[in-house]
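Grab a pencil and try these short exercises. Have a go at each task before you read its solution.

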Amino acid sequence: MTETETPVVGAKHLQWMTATVREVIDETPRVRTLVLDIPDWPGHKAGQHVDVRLTSDDGYQAQRSYSIASAPDAPHVMLTVERLPDGEVSSYLAGDLRAGDQFELRGPIGGYFVWTSALAGPVFLVGGGSGVVPLMAMLRHRATAKSAVPATLLYSSRSEADIIYRDELMHLAGQGDGFTLAHTLTREQPAGWNGLKRRIDRDMLQTVGFAADMQPRIFICGPTPLVEAAARDLRDLGHPPSLIKTERFGPSGK
Ligand SMILES: Cc1cc2nc3c(=O)[nH]c(=O)nc-3n(C[C@H](O)[C@H](O)[C@H](O)COP(=O)(O)OP(=O)(O)OC[C@H]3O[C@@H](n4cnc5c(N)ncnc54)[C@H](O)[C@@H]3O)c2cc1C
């Protein structure tokens, strides 16, 4: 959880609930989306996350946070999990788990890293790797709400094969409804790639994003080093800190 987030303590939605896996979707070789049935789900906002708790046969428990990938009005809650090498929880969720399996979760959590279509002004989304997950919930929400708010996603992936939601993002960008998509591929680019091919930097943020005087709402999510560098660069470009919201997924920028 980020420093300014405050869960609603004591609310019904923070009780542990049982999620049943309805479907598992392979997004990339290391990333899977879990489509869930959660009978008591209270609803959520785009950008919120859940806590997942796994319990082994000997009673050992491990708990991690996962962003909600689905739009608030989607029929099922979806999580998208990247399998990390030796990752205790992600290797189970994005590896061994099958349709019909069950696990515990609680949420939705977070009132800070949240976007709703009722908010005015342009939106600039900056994501790295699985950091695209809560940003995708926002874009899905924008699409189903038929919002005309100008939105841009700058999305950093290692290679084309690592792009999560690739086809859906391309489809959304083709709608001509004010959504602009910019990929940057940091390690490997396919033949003929004319797009960006370096880590997100200040020049890229300036070229791809909205000018500071347009006062875009900015959401940055991904590995900690990416998030901190992008937030600093955007502040340097004159964007007010109050409009820059960040979510850090983990310790590594690898
Ligand atoms: C609010 C929030 C939302 C999140 N949403 C998502 C999401 O939607 N999808 C998703 O895949 N993950 C998400 N994460 C990250 C997730 O909570 C776990 O940290 C991640 O799945 C690793 O857990 P693990 O038990 O598999 O790895 P661990 O066993 O905890 O760690 C294994 C190794 O990986 C390193 N590591 C841990 N986390 C990360 C990371 N995120 N990136 C790189 N290296 C890491 C550790 O330092 C260690 O070396 C989110 C985190 C937060 C705080």
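Below are three exercises on this predicted model, each with a worked solution.

**Exercise 1.** Find out where I25 sits and decide whether I25 is buried or exposed.

*Solution.* Start with the address: I25 belongs to strand 1, which covers residues 17-28. Next, count the crowd: 11 other C-beta atoms lie within 10 Å of I25. A residue counts as exposed if that number is 12 or fewer. So I25 is exposed. Now look at who touches I25: skipping neighbours within four places in sequence, the contacts are R32, T33 and V35. Finally, check T80, which is 55 residues away along the chain: its C-alpha atom is 9.0 Å from that of I25.

**Exercise 2.** Work out which strands form the edges of the open sheet of 6 strands.

*Solution.* First write down the strand order, 4-3-6-1-2-5, where the pairing is antiparallel. Then look for strands that pair on one side only: those are strand 4 and strand 5, the edges. On average, neighbouring strands here are turned by 40 degrees against each other, direction ignored. For a closer look at one pair, take strand 1 and strand 2, which are joined antiparallel over 7 bridges. As one example, E23 has V35 in strand 2 as its bridge partner.

**Exercise 3.** Explain why the ligand lies between domain 1 and domain 2.

*Solution.* Begin with the shell: 24 residues surround the ligand, and G87, E88, V89, S90 and G250 are the closest. Sort the shell by type and you get 9 nonpolar, 10 polar and 5 charged residues. Strand 4 gives the largest share, with 4 residues. Last step: domain 1 (12-109) and domain 2 (123-250) both contribute to the shell, so the ligand lies between them.

Technical notes:
Residues numbered from 1 in each chain as written. Predicted model: local features only at pLDDT ≥ 70, side-chain atom pairs only at ≥ 80, totals over all residues. Helix = DSSP H or I, 4+ residues; strand = E, 2+ residues; numbered from the N terminus. Buried ≥ 20, exposed ≤ 12 C-beta atoms within 10 Å, placed from the backbone. Contact = placed C-beta atoms within 7 Å. Near = placed C-beta within 6 Å. Nonpolar A, V, L, I, M, F, W, Y, C, P; charged D, E, K, R; others polar. Domains from an automatic or database assignment. Pairing = 2+ DSSP bridges. Axes fitted to C-alpha atoms, helices over the stretch in contact; angles between N-to-C directions.
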